[in-house]
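Please work through the exercises below with the sequence and the model side by side, and try each task before reading its solution.

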Amino acid sequence: MSTSVHETITAAPAASCDAELAEGPWVFDLVPGYGPGASEDDVIPTPVVRPGQLPVAYQQMSDDELHARIRAAKETLGDRLVILGHFYQRDEVVQYADFVGDSFQLANAALTKPDAETIVFCGVHFMAETADILARPEQHVILPNLAAGCSMADMADEDSVEAAWEELMELYADEDQSELASVIPVTYMNSSAALKAFCGRHGGIVCTSSNASTVLEWAFERGRRVLFFPDQHLGRNTGKAMGVPEELMPMVNARKPGLGQDPQTLLDAKVLLWPGFCSVHKRFTVAQVEQARADHPGVKVIVHPECPMPVVDAADASGSTDAIRRFVAASSPGDVIAIGTEVNMVNRLAAEYPDRTIFCLDPVVCPCSTMYRIHPGYLAWTLDGLVEGEVRNEIVVPDEIATDAKIALDRMLAARPKGA
Ligand code: SF4
């Protein structure tokens, strides 16, 4: 196994994008914001960012003691517990996961463990919400550190989306809606349960980075245009790959009068983009792709579609975390592959395929700062709670939200690629 990102950061903080990441996450968990490593452009929606709290005793435990506690609790709880680890989670935590995957794979993987009373999701807040929506009512879902949010998901809050929706409905009021709705809301999986419910209520749907084009096809069969949130890059990259001209994909800004666009632009639009982005994937640049090609002639470059469009255009391929994993699995010994996604996943692939040269396009080590907040201390504390009969940091989506959100998720599951 290669050196983990956590070891790199704590051993040589100067090599990381922010030396403060060498601190335990409890140091910044109580401070509003996304913590060290987050993009400087991140707006901090104070009511959305959730505080985390770890008892001091766990903050002071040695790594050995924390790991011994996690192992003991896992053994005691047996099949009553399932631990899920996202591809972007640090190795120190992922080693305990029963399943490793992307957010939707993991929520579904949990369903294959019907005896599990508790699902511990080592990912971020929206992932635990999705798991709770899909889980059986009697199952508990735990997010070990409540401060593990997702800055992108928080960039689209329910009030702003509702406000934008009302403006659009007013603008499109004169359109004939008998055959096609004026606009279909599409939310990326990386969004709150409240926004998934909004889509469920308004004839909309959820998408992942694996099925975004299938979902947009589904939406265009039912509407003239799509309102896509929160990630502008996934929306733009997917629309472009489907042949939608860039000028028909304007951004809407709920904070600006008229959504920041002239009415004709909104009337002509095919894909209305929300101005959200992922702090991790927005770091990748065309210059990095060019540098990789200069340093490694013959390198294959694959990036995640949350990267800006010029980066996706400059790469050889783009795809979801699972597509990246399959791309590497299909490569040959001796191949050189540069990857534009979160560094924990890249390092894990490099360790899994030592006969290939696999590296992250971004030379500065920078993990997803929110996911990084799931320190082994939080995992030990929540598992110890379960052994003692206490469910700590449970994520519960209210029934009325879960019901509508499930409608949008079920539409996604039923959507099929054209011709399938
Ligand atoms: S990698 Fe980006 S989109 Fe994924 S959880 Fe982290 S901030 Fe959110």
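The exercises that follow concern a predicted model, and each one is a task with a worked solution.

**Exercise 1. The chain as a whole**

Describe the protein chain by its helices and strands, its buried share and its contacts.

Solution. Begin with the secondary structure, where the protein chain shows 18 helices and twelve strands. Next, consider burial: 50% of the 420 residues count as buried. Finally, take the contacts between residues at least 6 apart in sequence, of which 68% join residues at least 24 apart.

**Exercise 2. A helix and its surroundings**

Work out why helix α6 is described as largely enclosed by the rest of the structure.

Solution. First locate α6, which covers residues 125–134. Then go through its residues with the cut-off that a buried residue has 20 or more other C-beta atoms within 10 Å of its own. His 125, Phe 126, Met 127, Ala 128, Glu 129, Thr 130, Ala 131, Asp 132 and Ile 133 are buried. Since that makes nine of the ten residues, the helix is largely enclosed by the rest of the structure.

**Exercise 3. Three cysteines and a ligand**

Find where the three cysteines that UniProt lists for "binding site" lie with respect to one another, and examine two of them in detail.

Solution. The unreviewed UniProt entry lists Cys 150, Cys 278 and Cys 368. They span 219 residues in sequence, but no two of their C-alpha atoms are more than 9.2 Å apart, so they gather at one spot. Turning to the ligand, these cysteines, together with Met 152 and Val 280, come nearest among the 13 residues around it, and the shell consists of eight nonpolar, four polar and one charged residues.

Cys 150 sits in the loop between β4 and α7, and it is buried because 23 other C-beta atoms lie within 10 Å. Leaving aside residues up to four places away in sequence, Cys 150 touches residues including His 125 and Phe 126, which are buried residues of α6. Cys 278 sits in the loop between β8 and α13, is buried with 25 other C-beta atoms within 10 Å, and touches Met 152, Asp 231 and Glu 306 under that sequence limit.

**Exercise 4. Unusual backbone geometry**

Which peptide bond is cis, and what is the phi of Leu 259?

Solution. Most residues other than glycine have a negative phi, and most peptide bonds are trans. The bond joining Phe 229 and Pro 230 is cis, with omega about -5°, and Pro 230 belongs to the loop between β7 and α11. Leu 259 has a positive phi near 60°, and it counts as buried because it has 21 C-beta neighbours inside 10 Å.

Terms used. Residues are numbered from 1 along each chain as its sequence is written. This is a predicted model: local features need pLDDT of at least 70, side-chain atom pairs count only at pLDDT 80 or more; totals for chains, interfaces and linings use all residues. A residue is buried if 20 or more other C-beta atoms lie within 10 Å of its own, exposed if 12 or fewer, and partly exposed in between; C-beta atoms are placed from the backbone. Helices (H or I, at least four residues) and strands (E, at least two) are DSSP runs, numbered from the N terminus. Two residues are in contact if their C-beta atoms, placed from the backbone, lie within 7 Å. A residue is near a molecule or strand if its C-beta atom, placed from the backbone, lies within 6 Å of it. Ala, Val, Leu, Ile, Met, Phe, Trp, Tyr, Cys and Pro count as nonpolar, Asp, Glu, Lys and Arg as charged, and the others, Gly among them, as polar. UniProt positions are given in the numbering used here, feature names are shortened, and annotations may be inferred rather than shown by experiment.
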